[in-house]
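Visitor: Labels are easy to hand out. Please show me the reasoning behind some of them.

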Amino acid sequence: MSLLLRLASRAQPAAAAPGRGAPGRGAPGCVDECRGPVQRLVASGRSVTRAVVAAAETVRDVGVGTVDVLEDAARALWTPTGLAGATVEALWMATHVVIYPLGLIRGRSPEGGHGYRIQHLPPVQRGLVISDVEAAGTPILLLHGIVDNGSVFTLLRLGLRRRGFGRVSTMNYSILTGDIRVAAAQLAEEVEALVAETGYERIHVVGHSMGGLIARYYVTRLGGDARVHTLVTLGSPHQGTFTAYGWNSQLTRQLRPGSPLMQELAQPVSGCGTRFVAYWSDLDQMMFPQHTAALVHPDLDVTNIALEGVGHTSIPIMKSVVHGISTTLAHLDSDGTTVTAGVTSLPLPPRRRRSS
């Protein structure tokens, strides 16, 4: 209280003293001293207001975009193709749960080549071996997605073998993998081992879900294009996916749109010698939005293939996908480019007319 009284006694003479200025201007120093902080406070308030408005507009835009994506997904689902795809997805997921332990036990499963005899091969396999032994013998490495194993490729592996590809193997990486870069380095070691084992300098890689992203990092950031002729990705989050926000970990943070990993993958890739084929589906429940599984990069040779009514897990088992991969990987020229389609539709036998 005494301090307040002393301050008041000092302020009163200054306000009443004659000759200190015109009436009404008894405390010009206080106004000058307060003007700066007030102006800064007002400016700060305007900045906060602008930030709030910008954030509100962003939320509104994202909300509108989310609604559009959900509407598109709903329209894709409530169609005959979408309902059939959802049924196939549910059945395959149930089957996959049953065969999942087999993938854990097996790990990498190399498949031997055809050897020198072809008499035991069915016509389709025999035709590919005779027409292009290079394409038939080039190793194909299958790489699974997050929290999965090689069992997801059970039907794809059988389909490729039946179409004449003699060396199809799978690679398992740990379900505890927490970094795409670490998994890509492991893939590099696996590819080198496969090259040394088979004698082929370049191989093909098919990656499902996160496996495709791991393979892309290996090819574009670790020099893997010298070893990988063709990379096929199936439902891989090339542009990140918002579903990765459902779980917070180092790995899921890398899978989010705009993450440092996504920015690194978007950097220039000069002289990449690998061709890319990216399959994506309008009914992929793990990609949000679904088109983020398409690969868009100005420096890469990419073919994006859109699927209709196919769920995330069932992409590798679709007949059209197996046929497309086989066509892409068959009949390679000496420099590794595709010359002709290696797998063609078999004509149906003519129907016999019933004698009247």
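Guide: We take ring pairs and then a pocket, in a model that is predicted.

Visitor: Why is the pair of Phe 242 and Tyr 245 called stacked?

Guide: The ring centres are 5.9 Å apart and the planes meet at 20°. Pairing needs centres within 6.5 Å, and stacking needs planes under 30 degrees apart. Both conditions hold, so the pair is stacked.

Visitor: What makes Phe 242 and Phe 288 edge-to-face?

Guide: Their centres lie 6.4 Å apart, with 80° between the planes. The cut-off for edge-to-face is over 60, so the label follows. This pair links distant parts of the chain, 46 residues apart. Phe 242 is in the loop between β4 and α9, Phe 288 in the loop between β5 and β6.

Visitor: How do you know whether Phe 288 is buried or exposed?

Guide: Its relative accessible area is 19%. Buried means under 20%, so Phe 288 is buried.

Visitor: And why are Phe 242 and Tyr 245 called partly exposed?

Guide: Phe 242 has 42% relative accessibility, and Tyr 245 has 47%. Partly exposed runs between the 20% and 50% limits, so the label fits Phe 242 and Tyr 245. Ring pairs link these two and Phe 288 into a cluster.

Visitor: Which helix gives the most to the lining of the largest pocket?

Guide: α3 does, with 4 residues. The lining has 26 residues, and Ile 146, Val 147, Ser 209, Met 286 and His 312 lie nearest the pocket centre. The volume is about 600 Å³.

Visitor: How do the lining residues divide?

Guide: Into 13 nonpolar, 12 polar and 1 charged.

Definitions and conventions. Residues are numbered from 1 along each chain as its sequence is written. This is a predicted model: local features need pLDDT of at least 70, side-chain atom pairs count only at pLDDT 80 or more; totals for chains, interfaces and linings use all residues. Side-chain values use heavy atoms; hydrogens and water are left out. Rings of Phe, Tyr and Trp (its six-membered ring) pair if their centres lie within 6.5 Å; planes under 30 degrees apart count as stacked, over 60 as edge-to-face and the rest as tilted. Buried means under 20% relative accessible area, exposed over 50%, partly exposed in between (1.4 Å probe, protein chains only). Helices (H or I, at least four residues) and strands (E, at least two) are DSSP runs, numbered from the N terminus. On a 1 Å grid over the protein atoms alone, a cavity is a set of points where a 1.4 Å probe fits but cannot get out, and a pocket is an open set with protein on both sides within 12 Å along at least five of seven lines; lining residues have an atom within 4 Å of a point. Grid points are joined across faces, edges and corners, and a volume is the space filled by probe spheres set on the points. Ala, Val, Leu, Ile, Met, Phe, Trp, Tyr, Cys and Pro count as nonpolar, Asp, Glu, Lys and Arg as charged, and the others, Gly among them, as polar.
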